[in-house]
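Visitor: I've got a model on my screen and I'd like to know how you back up the labels people put on it. Could you walk me through them?

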Amino acid sequence: ASWLILAVVLVRSLLKTTPRWIVVLLWGIVALRLAVPFSFESPWSLIPSAETFDIHNIQYETPAIQSGIPAVSHAVNAVLGETFAPDPAASVNPLYVWTFMVSVIWIIGIAAMLLYAAISYGQVRKSVAERIPYGENIFLCDQVRSPFILGLVRPKIYLPSSMDGMAMEPVIAHEKAHLARHDHWWKPMGFLILTVHWFNPLCWIAYVLLC
């Protein structure tokens, strides 16, 4: 997935004049790769090896990866073999301990991001509690600083009460265009995937560029 993100970043820089939905579609391919927990092996893949790490290695053998790129595999395997090779005299494989510790950190990170999302959503809901209807599913709020859409099933458009009347209609048309493209689904879905892959810096870059 990391290689795919880098490829999309490169392609994205070459598609500055193309419709934005094409770029969003490319990020959709990245999202699919991050969401699917298994790989398809193909000579056309960015990484030829579908099974980069064999779980059998953790339990019984010296840890090793098969990335499909010999130089990468050789460099990483040298470190893995030296650091995490099982010791027959030890009661616990050191890789077991590291895997458990990293798993705990990963779950804590997921919980922290979900908590942040819940708190942020609550704050936004509170800011639009006092609102005035302006049109169908369109509301004016004193606490809103810039236009946005809130809601997944029945989304609503929120506008600042202080917005100039002349600018209102173009802004509403802009927000309705977001609704027509279902952009209010893409961003939460991207954040949910980022929550699982929060440890990967490239995933943060992908989320920022998607937004």
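Here is a short chat about one sheet in this model.

Guide: Happy to, and keep in mind that this is a predicted model.

Visitor: What makes β1 and β2 a pair?

Guide: Two strands count as paired with at least two bridges between them. β1 and β2 have three, in the antiparallel sense, and in one of them G135 has I138 as its partner. So the pair passes the cut-off of at least two bridges.

Visitor: What lies between β1 and β2?

Guide: They form a hairpin with two residues between them. N137 sits in that turn, with a positive phi of about 60°.

Visitor: Why is the pairing of the sheet called mixed?

Guide: Look at β4, residues 156-160. β2 joins β4 through four bridges and the two run parallel, with L140 partnered by L159. β3 joins β4 through three bridges, but those two run antiparallel, and F148 stands opposite Y158 there. The open sheet has the order β1-β2-β4-β3, with mixed pairing.

Visitor: What makes β1 and β3 the edge strands?

Guide: Each of them, β1 (132-135) and β3 (148-150), pairs on one side only. From one strand to the next, the twist averages 40°.

Visitor: Which way do the side chains of β2 point?

Guide: I138 and L140 go one way, F139 and C141 the other. In a regular strand the side chains alternate between the two faces of the sheet. All four of these are called buried because each has under 20% relative accessible area.

Visitor: Which helix lies across the strands?

Guide: That's α6, residues 165-180, which lies across β1, β2, β3 and β4 and runs at about 150° to β4.

Definitions and conventions:
Residues are numbered from 1 along each chain as its sequence is written. This is a predicted model: local features need pLDDT of at least 70, side-chain atom pairs count only at pLDDT 80 or more; totals for chains, interfaces and linings use all residues. Side-chain values use heavy atoms; hydrogens and water are left out. Axes are lines fitted to C-alpha atoms, for helices over the stretch in contact, and angles run from 0 to 180 degrees between N-to-C directions. Contact means heavy atoms within 4.5 Å. Buried means under 20% relative accessible area, exposed over 50%, partly exposed in between (1.4 Å probe, protein chains only).
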